[in-house]
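Here is a short set of exercises for you, each with a worked solution. Keep the sequence and the 3D view open while you read.

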Amino acid sequence: MYILGIETSCDETSASVLKDDFSVLSNVILSQDEIHAPYGGVVPELASRKHINSITYVVDESLRQAKVTLEKIDVFAVTQGPGLIGSLLVGLSFAKALSFYFEKPLIPVDHLQAHIESAFIENKDINFPLLALLVSGGHTSIFFMQEKLNYQLIGKTRDDAAGEAFDKIAKFLDLGYPGGPIIDKLAENGDSKKFHFSIPRMTDSSLDFSFSGLKTAALRIIKENKLTKDHPDCVDFLASFEEAIVRTLIFNLNQAAERFQPQSLILSGGVARNRRLRKAFLNFSKEQGIEAYIPSAKYCTDNAAMVAALALEKIRTQELASVPLDLNAYPRVFPFKGKTWKK
Ligand code: KG4
Ligand code: ZN
């Protein structure tokens, strides 16, 4: 059996073909970074227009690389939400049309669940219960999973996402877009102790995150020290800022691990590419004696392989519905309630 996954939730157009043994035959990702770079962030209208221009090519290319034709695809899968509504609708409409025309089932997939699933693409036997720390440009969340497809959202950001904080500070310093990978590179040679950041703590016992305070503190330090991208202290500032974000993430993960006693930990999402975070996550897991899993870079940022993989997982446990032509996209995080999540 072959499954074709489509992902267009934000600014990457992606299509991927998987076999039912979860082997990835292709995973084509067309980034829109160049289009959004002049604005220092994703412009929703430009993103959806670009998806419309790219989707046919990206799907064709994924089939070509997988050496299969559309007629051979048994199931279609697509990201339904959360994300930019215009972008989501491009992928969803395209997938619906394919499903309708070829009379094959269409499996809608949640973007956050797909990010968690990305860790399973390369590691089939991750032990449950587990905690998944999902860190991306739009989300910073911790999920507790007792078993496959059972998601409990136990912590989320109350304001900015971690990736968004990286991108905004990079924009302010005119470093380029997206800011996360640029800061990762520049911070490598910086002294992370040079500038002090207090780590945000929730006053209640919540496992939620908040990054807007760190961002404001960063802007204050930039102004007080008259930092620019060419300032000799800039790399130290970036390393200190990156360290503060990493410490915030690991602090909450630690709290969650104490409460939920997981057997495994997953780190996923675009920011999971960050080297300082990867290192801190692996060190933490080692200290705690908990198994740790991070997808390789190509499965961290938005990609359709994780969409197809999650759909395959759903096929094992859920009945395949007929073509749901009235299926709609949802822009915001879904209220996860274990296995029974439904709109
Ligand atoms: O998962 P993703 O592709 O999109 C969302 O679902 O949001 O994540 C994109 C985010 C951007 O904010 C980008 O700056 C960040 O991931 N990112 C990084 C790195 N690579 C990508 N952040 C820090 N270090 C990196 N190496
Ligand atoms: Zn994402």
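Helices (H or I, at least four residues) and strands (E, at least two) are DSSP runs, numbered from the N terminus. This is a predicted model, in which local features need pLDDT of at least 70 and side-chain atom pairs count only at pLDDT 80 or more, while totals for chains, interfaces and linings use all residues. Residues are numbered from 1 along each chain as its sequence is written, chains are lettered from A and ligands numbered from 1 in the order in which they are written, and side-chain values use heavy atoms, with hydrogens and water left out.

**Exercise 1. Find the cis peptide bonds at Pro 82 and Pro 178, and place each proline**.

Step 1: Go to the bond from Gly 81 to Pro 82, which is cis with omega near -5°. Pro 82 sits in the loop between β4 (75-81) and α3 (85-102).

Step 2: Move on to the bond from Tyr 177 to Pro 178, which is cis with omega near -5°. Pro 178 belongs to the loop between α5 (162-172) and α6 (179-187).

Step 3: Now look at a backbone angle. Glu 103 has phi near 55°, a positive value in a residue other than glycine, and Glu 103 is in the loop between α3 and β5 (106-110). Why pick out such places? Most residues other than glycine have a negative phi, and most peptide bonds are trans.

**Exercise 2. Describe how domain 1 and domain 2 meet**.

Step 1: Mark the domains, whose bounds come from an automatic or database domain assignment. Domain 1 covers 2-115 + 300-317, and domain 2 covers 127-297. Their C-alpha centres are 27 Å apart.

Step 2: Count the residues in contact (heavy atoms within 4.5 Å). Each side brings its share: 18 residues from domain 1 and 18 residues from domain 2.

Step 3: Consider the buried area, which is the accessible area (1.4 Å probe) that two parts lose on being put together, summed over both. Here about 1500 Å² is buried between the domains, with carbon and sulfur atoms giving 66%. Leu 112, His 115 and Cys 300 supply 41% of what domain 1 buries against domain 2, more than any other three residues.

**Exercise 3. Locate the salt bridge between the domains, then examine the one that joins Asp 184 and Arg 275**.

Step 1: Recall the rule: a side-chain nitrogen of Lys or Arg lies within 4 Å of a carboxyl oxygen of Asp or Glu. The structure holds 18 salt bridges, and one is found across the interface of domain 1 and domain 2.

Step 2: Look at Lys 148 and Glu 313, which form a salt bridge with their closest N and O atoms 3.0 Å apart.

Step 3: Turn to Asp 184 and Arg 275, whose side chains meet in a salt bridge at 3.0 Å, N to O. Asp 184 lies in helix α6 and Arg 275 in helix α9 (residues 275-288), so this pair ties together parts that are 91 residues apart in sequence.

**Exercise 4. Which residues surround ligand 1?**

Step 1: Use the cut-off for being near a molecule, a heavy atom of the residue within 4 Å of it. There are 20 such residues around ligand 1, and the closest are Gly 137, Gly 138, Asp 167, Asp 184 and Gly 270.

Step 2: Check two distances to oxygen atoms of the ligand. A side-chain N or O atom of His 111 is 3.2 Å from an oxygen atom of ligand 1, and a polar side-chain atom of Ser 136 is 3.3 Å from an oxygen atom of ligand 1.

Technical notes
Polar contact = N/O pair within 3.5 Å; in protein donor to acceptor, adjacent residues only side chain to side chain.
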